[in-house]
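Okay, thanks everyone, let's get going. I'll put the structure up and then talk you through the parts I'd like you to look at.

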Amino acid sequence: MNRRQVVAAMTGLGLTGGSLWVAQNGLLGIRSQNTDQLPVRVETLDARGSSAGETPVPTPGTVTVVDLFATWCAPCDDQLEILDSIRPEYTDVSFISVTNERPSETLTRADIGEWWNRNGGAWTVGIDPGSELLAAFGADGLPYIAIVDERGTVQFGHSGLAGKETLRDELDALV
């Protein structure tokens with residue numbers, strides 16, 4: 001191995017270990033909910049159901065399901081599948097999924113888009129490398145689901161996998 005390969009391997013180990021720690025312990029310093037900072041504008045990606053640009057999260061004037069995820073997070077794959085299965089039942093609800101991963105040489109916007117397409121995403125997907133949404137929602141783990149009413153008030157927040165029935169119950173109360 002040359003020096004560059006060694007550095008890349010060590011970086012990967014650090015990211016893997018750090019990701020495992022976050023999955024088990026949540027994100028430090030991101031526990032307080034500060035929803036007066038909502039909506040947050042995020043960059044959107046060119047992927048299935050999404051186009052490159054920018055969007056406010058949550059969607060103003062609309063009940064919005066916000067899914068915070070990471071491409072390294074196995075339960076996030078499952079959460080995406082659950083959201084995909086219930087989304088057709090809620091045509092007047094905005095769905096948006098956002099990662100706080102920072103695009104770089106090792107994880108590009110195209111990589112995130114490919115992960116999205118591979119896992120069945122079919123709605124707006126964005127990036128929030130400054131973790132503003134994590135902080136605003138007080139998310140302490142991934143996946144994290146928030147449901148925001150049309151007035152912009154968070155009505156539901158959940159760290160970890162949120163099941164179909166729970167999401168349906170929460171959405172049915174709002175629409």
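I'll start with the overall layout, then go through the aromatic rings, a helix, a disulfide and a few single residues.

So, first thing: this is a predicted model. The protein has 175 residues, and 43% of them are buried. You can find 5 helices and 7 strands in it. If you walk along the sequence, the order goes α-β-β-β-α-β-α-β-α-β-β-α. Now, take the contacts with a separation of 6 or more: 71% of those come from residues 24 or more positions apart.

Next, the core. The largest nonpolar core has 46 residues. Which of them touch the most other members? Those are Leu68, Leu133, Phe137, Leu167 and Leu171. Take Leu133 from that list: leaving out residues up to four places away in sequence, Leu133 touches Leu38, Val40, Val42, Val57, Leu68, Val98 and Asp128. Notice that Asp128 sits in there along with the leucines and valines.

Okay, on to the aromatics. Rings are described by how far apart the centres are and by the angle of the planes. There are 5 aromatic pairs here. Start with Phe69 and Trp115: the ring centres are 4.8 Å apart and the planes are at 5 degrees, so that pair counts as stacked. What parts of the chain does the pair link? Phe69 is in strand β3, residues 64-69, and Trp115 is in helix α3, residues 109-118, so we're looking at distant parts of the chain, 46 residues apart. Phe69 and Trp115 are both buried.

Compare that with Trp116 and Trp123. That pair is edge-to-face, with 5.2 Å centre to centre and 85 degrees between the planes. Are these two tryptophans buried or exposed? Trp116 has 0% relative accessibility, so it counts as buried, and Trp123 at 4% counts as buried too. Put the rings together and you get one aromatic cluster, made of Phe69, Phe95, Trp115, Trp116 and Trp123.

Since two of those rings belong to α3, let's look at that helix. Its buried residues are Ile112, Gly113, Trp115 and Trp116. Looking down the axis of α3, they fall within an arc of 160 degrees, so they line one face of the helix. What covers those buried residues? The cover includes β3, α2 (74-86), β4 (94-99) and β5 (124-127). And after α3 comes Gly120, which has a positive phi, near 85 degrees.

Now Ser97, which is in strand β4. Ser97 counts as buried because its relative accessibility is 0%. What does its side chain do for polar contacts? The side chain of Ser97 makes a polar contact of 2.8 Å with the side chain of Asp67. Asp67 also shows up among the residues Ser97 touches beyond four places in sequence, together with Phe69, Leu80, Trp116, Trp123, Thr124, Val125 and Gly126. Three of the names in there, Phe69, Trp116 and Trp123, you'll remember from the aromatic cluster.

Another polar residue to look at is Thr64, in strand β3. Thr64 has a relative accessible area of 0%, so it's buried as well. A polar atom of the Thr64 side chain lies 3.0 Å from the backbone oxygen of Thr62. Beyond its sequence neighbours, the residues Thr64 touches include Val93, Ser94, Ile96 and Ala146.

Right, the disulfide. As a reminder, a disulfide is a covalent bond between the sulfur atoms of two cysteines. The count in this model is 1. Cys73 and Cys76 form it, with the sulfur atoms 2.4 Å apart. The link is right-handed, with 80 degrees about the S-S bond. Both Cys73 and Cys76 are buried.

Last one: Leu161, in the loop between β7 (154-159) and α5 (164-172). What puts it on this list is Cys76: the two are 85 residues apart along the chain, and their C-alpha atoms are separated by 7.6 Å. Leu161 is partly exposed, with a relative accessible area of 42%. Setting aside neighbours within four places in sequence, Leu161 is in contact with Pro75, Asp78, Gln79, Ile82 and Pro143.

That's my tour, so over to you for questions.

Terms used
Residues are numbered from 1 along each chain as its sequence is written. This is a predicted model: local features need pLDDT of at least 70, side-chain atom pairs count only at pLDDT 80 or more; totals for chains, interfaces and linings use all residues. Side-chain values use heavy atoms; hydrogens and water are left out. A nonpolar core is a set of buried Ala, Val, Leu, Ile, Met, Phe, Trp, Tyr and Cys residues joined through side-chain atoms within 4.5 Å. Buried means under 20% relative accessible area, exposed over 50%, partly exposed in between (1.4 Å probe, protein chains only). Contact means heavy atoms within 4.5 Å. Rings of Phe, Tyr and Trp (its six-membered ring) pair if their centres lie within 6.5 Å; planes under 30 degrees apart count as stacked, over 60 as edge-to-face and the rest as tilted. Helices (H or I, at least four residues) and strands (E, at least two) are DSSP runs, numbered from the N terminus. The arc is that of the directions from the helix axis to the C-beta atoms. A disulfide is a pair of cysteine sulfur atoms within 2.5 Å. A polar contact is a pair of N or O atoms within 3.5 Å; within protein, one must be able to donate a hydrogen and the other to accept it, and residues adjacent in sequence count only if both atoms are side-chain atoms.
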